[in-house]
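Look over the sequence and the model before reading on. The paragraphs below go through its open and enclosed spaces and then its charged pairs.

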Amino acid sequence: MSAEKKLIRARFRDAVFARAKYRCEGPGCSFRSSPERAIEELDAHHITDRNELPNGGYVPENGIALCEACHVKAEHFHSTGTALPGFGRNELYRIIGSSREKAERASRRL
């Protein structure tokens, strides 16, 4: 992976974690991390798959901070096409105050 790609991914992750105040944003989850532990304890999950948005969708408008358990629930959609309750794309976008349209616009600016 190129140094530029690593930087884009790190900026995405850091922005998503900071916006979430280092807590899981999964529906009903109360897991809290810290700036020092976030990389190990949280995932910056792409709500819309990276391959479906311009420039990989590495923008906070397309990212949600999730603990491991919530990340597994969110990934269920990417692997099966069926979202678990509370983990549909629109539901996750609503949690972070975004939408696919906002994510797409932001991704075009990368």
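How many residues line the largest pocket, and which of them lie nearest its centre? In this predicted model, the lining of that pocket has 16 residues, and Arg-9, Asp-43, Ala-44, His-46 and Arg-50 are those nearest the centre. Helix H1 (3–19), strand E1 (43–46) and H3 each give two or more residues to this lining. The pocket holds about 310 Å³ of space. Sorted by class, its lining has six nonpolar, six charged and four polar residues.

The enclosed space comes next. The count of cavities of 30 Å³ or more is one, and the volume of the largest cavity is about 30 Å³. Its lining is made up of His-45, Ile-47, Ala-74, Phe-77, His-78, Phe-87, Gly-88, Arg-89 and Leu-92. Helix H3 (68–80) and helix H4 (89–96) each supply at least two of these residues, and H3 has the largest share, with three. Five residues of the cavity lining are nonpolar, three are polar and one is charged.

Arg-89, one of the residues that line the cavity, also leads to the charged pairs. Side chains of opposite charge can pair when their charged atoms come close. The structure has seven salt bridges. In one of them, the side chain of Arg-89 meets that of Glu-52, at 3.1 Å from N to O. Arg-89 belongs to helix H4 and Glu-52 to the loop between E1 and strand E2 (63–66), so this salt bridge ties together parts that are 37 residues apart in sequence. Both partners are partly exposed: Arg-89 has a relative accessibility of 21%, and Glu-52 has one of 38%.

The pair of Arg-89 and Glu-52 is part of a wider arrangement, since a network of salt bridges links Glu-52, Arg-89, Arg-100, Glu-104 and Arg-108. Within this network, Arg-108 forms a salt bridge with Glu-104, and their closest N and O atoms are 2.7 Å apart. Both of these residues lie in helix H5 (residues 100–108), where four residues, about one turn of the helix, separate them. Arg-108 counts as exposed, at 54% relative accessibility, whereas Glu-104 is partly exposed, at 24%.

A further salt bridge joins the side chains of Arg-37 and Glu-41, with 3.1 Å from N to O. Arg-37 is partly exposed, with a relative accessible area of 41%, and Glu-41 is also partly exposed, at 26%.

Key. Residues numbered from 1 in each chain as written. Predicted model: local features only at pLDDT ≥ 70, side-chain atom pairs only at ≥ 80, totals over all residues. Heavy atoms only, no water. 1 Å grid on protein atoms, 1.4 Å probe; cavity = no way out; pocket = protein on both sides within 12 Å on 5 of 7 lines; lining within 4 Å. Points joined across faces, edges and corners; volume = space filled by probe spheres on them. Nonpolar A, V, L, I, M, F, W, Y, C, P; charged D, E, K, R; others polar. Salt bridge = Lys/Arg side-chain N within 4 Å of Asp/Glu carboxyl O. Buried < 20%, exposed > 50% of the residue type's maximum accessible area, 1.4 Å probe, protein only.
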